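Visitor: I'd like to know what stands behind the labels people put on a model. Could you walk me through this one?

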Amino acid sequence: MMLVIYIIAVIVLAPLVGGLLTGIDRVITARMQGRKGPSVLQPFYDVLKLFQKESIEVNTMHRFFVYISLIFVIFTTVIMLLGGDILLAFFALTLGSIFFVLGGYASNSPYSTVGSERELLQMMAFEPMILLTAIGLYYGDKSFFIKDIIAARVPSIVYLPGVFLGLIYILTFKLRKSPFDLSMSHHGHQEIVQGITTEYSGKDLAIIQITHWYETIIALTLVYLFFAFNSPVSHLIAILACIIAYLLEIVIDNAFARVKWQHALKSTWVITGVLASVNLIILSFFR
Amino acid sequence: MNTISILVLFPLLASIAVFLVRKDAVRNIIVRVCAFTTGILTLFVVCRYFKDGISLSFANRNTIDMIIAFVEVLIAAYIILIGIKNKKYIVSIFAAVQTTLILWFEFTQKHGIDVQSDIVFDRLSAVMVLIVGCIGSLILIYTVGYMKWYHVHHEEYKERKSFFFSEIFLFLFAMFGLVLSNNLLWMYFCWELTSLCSYLLIGYTKTPEAVNNSFRALAINLGGGLAFASAIVFIGMNFKTLELSVLTVLKPELMVLIPVFLLCIAALTKSAQMPFSSWLLGAMVAPTPSSALLHSATMVKAGVYLLIRLAPLLAGTSVGKVITLLGAVTFFVNSIIAISKSDAKKILAYSTISNLGLIVACAGIGSQESLWAAILLLIFHSISKSLLFLTAGSVEHQIGSRNVEDMDILMQVSRRLSGYMIVGIAGMFLAPFGMLISKWVAMKAFIDSNNILTVIILGYGSATTLFYWTKWMGKLVSNANRKDHIKHTFHIDEEIPIFIHAVLVVLSCFTFPLISEYVLVPYLSGLFGPGVSMPLGISDVNIMLIMLSMLLILPISFIPIYKSDRRRIVPVYMAGENTGDNESFYGALHAKRKVKLHNWYMESFFGVKKLAFWSNVLSIVIILVGVLLLIGGITK
Amino acid sequence: MNFSKKSPWILHYDGSSCNGCDIEVLACLTPLYDVERFGVINTGNPKHADILLITGSINEQNKSVVKQLYEQMANPKVVVAVGICAATGGIFSECYNVLGGVDRIIPVDVYVPGCAARPEAIIDGVVKALGILEERQKFARKKA
């Protein structure tokens, strides 16, 4: 019974927090550009408006993928926040992302298709690092379960600094921020029109936004895992770390121009490869 | 006569029978009946001996040995002749050397070597027999439908259907023999026979390209055969045994590791691992069913099967480490190269090599977790890959091309076929499906055995795998409506095997805990003693099964929503210049221009030219390191 | 609750014009005017937009484009014609290929005068359009 309440709480609260973070992001971005910016609740207004609008489509197939994608992303969030297996969570997340990509293909629109290709490229760029993060955490705590990782005696950041830096690097992909927002950008940005989301409107687009909120929470949970350990204070520190990481991403978003895909792929593979491999290889000597 | 002998010999009889019948209709019936019988026999044998296993010893072993030696000489003579005729002398040399070696051993050294059991049927053989028998017979049924069409569309090739079917049956015979033999000499004979069958099937069309590729396949496989023969001689002379089961329980010392290394080389050639992988790519010129049978589902599995058998000798040794590294490199490089390919069969070939690399890496580690993963990978890969090959063949019927770029119309041509193909692709890399489960455990095994380099390679390799499969899947769902395709009916002969395959893919994912419980754990307990358990936690398995059910239920649950929620359909966004049919737009001077959507192949990053040479060099270096380690006497 | 007023997303299209109004539209996004305060986003994609903001007049070349973009927008939607060219064809109205204002091919809800229209006027026009959008939303929901 507790479990059910807990699951419902996660499903309801995660997008609320995620949406709020997006709103804060928009305000801070505006302030950095010398503007006042919208209300903090703006993302919620947007989504609610989209729900009230007509949903048009280009064929009868492509909306289906978005909903499945959302379901698997929610599934991932639940697994992660309930302390489940981190690798399994990644697999579910990948499944969700792949459905989203397929949605782009299914519309058979030029902009969506290019967006899908780019999204796939991005996944190819950052996916190894996510796996290596899980592996690093497993190395330290001998368990893939998040509940064990956050109950360890030392915080993971102590022996995984390289992996953590690599994770921060790819967080930009996950949060869809410049310089790596090649496939679809958010807020007022435009790239290949709107990338994968070009052909979606109304409810479907709202679902995509909500999916993104969940994904934001998932991305920040990864940061959280590096700082939390069995002392209660550490959880506050971990939340603080998440906030700092998010602020850092906003700064990066505003400070960098979008890069070409070649650069995105190369730099990510080289940087994450070096950081994570060196870290893990050193770690393996101490085992 | 034992049922197992019947199972092995039946395809041989079928092969001869099919070869003699020239009338199409009659032969098709014979093929169907024989394929069906083979399938039933397989199931019967597996059910009968599954629980306790069996090992057979033949009283008339010497007679059988003589027959085998005689046939070997015939085969060698044939290969030497065709080698000379086609000026491929390397083939002749390989055949001459290894047959002489084996004959010399047979007649001068073999006396006094006693063989306890010639045939051993345990859980691992059961798995292999099931794969060979069931998938083999399904592919045969498919072939009947496929070949009908094949010669209609390819009138330039000479029709040799009876030869083709007879080769496939012969191959099944060799394959059954190979996985059931415990007697290395018998195994070697079957090993050579599979090489020969693959040569004949690749060269079926007799085009210069096919002939060339078939000789390359033969040369590489005979090279492996030579290594196999040398290993047999070495084992026979030093340990006075010819039994695989005796070999695998020896202590992994230097003297044991030398023949093991030779056997591994033989296995690597058969499983098309780098640097021996080029033959499998060339083999794709063959008609699709033979690709499905030989080059994905069964023959290439013979190599990894041998490696899994040898795994106890590989665990923790230098040879094991070399093999693991080689497998990992093969996995990574080939999954990268697959990105740059658009020919469906080429993609399948590269992906086969890459997945076999993963199995090889698992076998090289030889821990219980990694073997669990290896065997599961073997099962899932066989089913999914064979499904993909068969669908690729049928797609070629339907749209007249096997280029992935042209498959965007498949949804309009045949919804069912593209559905089967999507199931196959999903089976290869997506989360709740088998390949990913085993990859997951493989990863865990690599970490637990502290093979961090392999883990990192696996991480990057998985990401590239995801790229090329997803973009293929993307083409399948992309719903384009071009009108320039050839309409073709989907033969029932083709659809039934494909449908059964698709069901098997899904079913095997649902039942993998059972496979683990009744096949893997008992087999591994035999190797590692009691205390072997499934490497995945029960909660994870449950979540996996929930995900799989969701994938099955969700699409169906959308149907009522579609029915009730009709929406306005508007043209695709093309900056307002869409002509309205979603296929073209108004360009300069208001001219209609076609929209062409291509996938990314990124030749400049992932092209063959860029990668193949250096990765082959790298893998040769790895093998040489293995040789040097053995010469230096380093076994750990 | 009706949220269309709180998050108007705009698609900006420029027909035959001197680009003066065009630049003024973009000026609205700058820190000085900052229309994002009101949740306005320049989407560049008809499928996401609520308001079609057209500057410049309609000619033979772009009439089908404007029609298609309008068709590709999800209901409820409003059209704002910015500047005199979009309203009547303005200085270009006598040209051989110009049809005239936007209302020749699609229904226009708000006309913003000026040559070029000032940013304040444009914002005013958008705010007015929001009222119409809200009405349409109510109407659409009553119908449904």
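Guide: Gladly; we will take the labels one at a time and set each value against its cut-off. Please keep in mind that this is a predicted model.

Visitor: Let's begin with chain C. What makes strand E1 of chain C largely enclosed?

Guide: A residue counts as buried when 20 or more other C-beta atoms lie within 10 Å of its own. In E1(C), residues 9-14, 5 of the 6 residues are buried, so the strand is largely enclosed by the rest of the structure.

Visitor: How do you know that E1(C) and strand E2 of chain C pair?

Guide: Pairing needs at least two bridges. E1(C) and E2(C) (residues 41-42) are joined by 2 bridges and run parallel, so the requirement of at least two is met. One of the partnerships puts Trp9(C) with Ile41(C) of E2(C).

Visitor: And what joins E1(C) to strand E3 of chain C?

Guide: There are 5 bridges between E1(C) and E3(C) (residues 51-55), again in the parallel sense. Across that pairing, His12(C) stands opposite Leu53(C).

Visitor: Which elements make up the right-handed β-α-β unit?

Guide: That unit consists of E1(C), helix H1 (residues 20-27) of chain C and E2(C). The label right-handed is used because the path from the first strand over the helix to the second runs clockwise when the strands point away from the viewer.

Visitor: Why are E2(C) and strand E7 of chain C said to stand at the edges?

Guide: The open sheet has 5 strands, ordered E2-E1-E3-E5-E7 in chain C, with parallel pairing. E2(C) and E7(C) (110-112) each have a single partner strand, so one side of each is left without a neighbour in the sheet.

Visitor: Let's turn to backbone angles. What is notable about phi of Asn19(C)?

Guide: Phi of Asn19(C) is near 70°, a positive value in a residue other than glycine. Asn19(C) belongs to the loop between E1 and H1 of chain C.

Visitor: Why is Asn19(C) called exposed, while Asn450(B) is called partly exposed?

Guide: The limit for exposed is 12 or fewer other C-beta atoms within 10 Å, and partly exposed lies between that and the buried limit of 20 or more. Asn19(C) has 11, so it is exposed. Asn450(B) has 13, so it is partly exposed. Asn450(B) also has a positive phi, near 60°, and sits in the loop between helix H19 (434-448) and helix H20 (452-477) of chain B.

Visitor: How do you know which peptide bonds are cis?

Guide: The omega angle tells us. From Ser178(A) to Pro179(A) the bond is cis, with omega near 0°, and Pro179(A) is placed in the loop between helix H7 (161-174) and helix H8 (202-227) of chain A. The bond from Met274(B) to Pro275(B) is also cis, with omega near 0°; Pro275(B) is in the loop between helix H10 (254-270) and helix H11 (278-282) of chain B.

Visitor: Which residues touch the most other members of the largest nonpolar core?

Guide: They are Ala92(A), Cys264(B), Cys362(B) and Ile375(B), in a core of 324 residues. Setting aside neighbours within four places in sequence, Cys264(B) contacts Leu307(B), Leu310(B), Val319(B) and Ile323(B). A second, separate core has 44 residues, including Cys28(C) and Met73(C).

Visitor: What makes up the contact of chain B with chain A?

Guide: Chain B brings 43 residues and chain A brings 50 residues. H20(B) gives the most to the chain B side, with 15 residues. By class, that side has 29 nonpolar, 10 polar and 4 charged residues.

Visitor: And how many residues form the contact of chain B with chain C?

Guide: There, 6 residues come from chain B and 8 residues from chain C. The chain B side has 3 nonpolar, 2 polar and 1 charged residues.

Visitor: What does the UniProt annotation for chain B cover?

Guide: The unreviewed UniProt entry places "domain: NADH:quinone oxidoreductase/Mrp antiporter transmembrane" on residues 181-458 of chain B. In the model, that span is 79% helix and 0% strand, with its end C-alpha atoms 33 Å apart.

Visitor: Which residues of chain A does UniProt list as "transmembrane region"?

Guide: Among them are residues 64-82 and 88-108, again from an unreviewed entry. Residues 64-82 of chain A are 95% helix and 0% strand, and the end C-alpha atoms are 27 Å apart. For residues 88-108 of chain A, the figures are 90% helix, 0% strand and 31 Å.

Note on methods
Residues numbered from 1 in each chain as written. Chains lettered and ligands numbered in written order. Predicted model: local features only at pLDDT ≥ 70, side-chain atom pairs only at ≥ 80, totals over all residues. Contact = placed C-beta atoms within 7 Å. Nonpolar A, V, L, I, M, F, W, Y, C, P; charged D, E, K, R; others polar. UniProt positions renumbered as here; feature names shortened; annotations may be inferred. Helix = DSSP H or I, 4+ residues; strand = E, 2+ residues; numbered from the N terminus. Core = buried A, V, L, I, M, F, W, Y, C linked by C-beta atoms within 7 Å.
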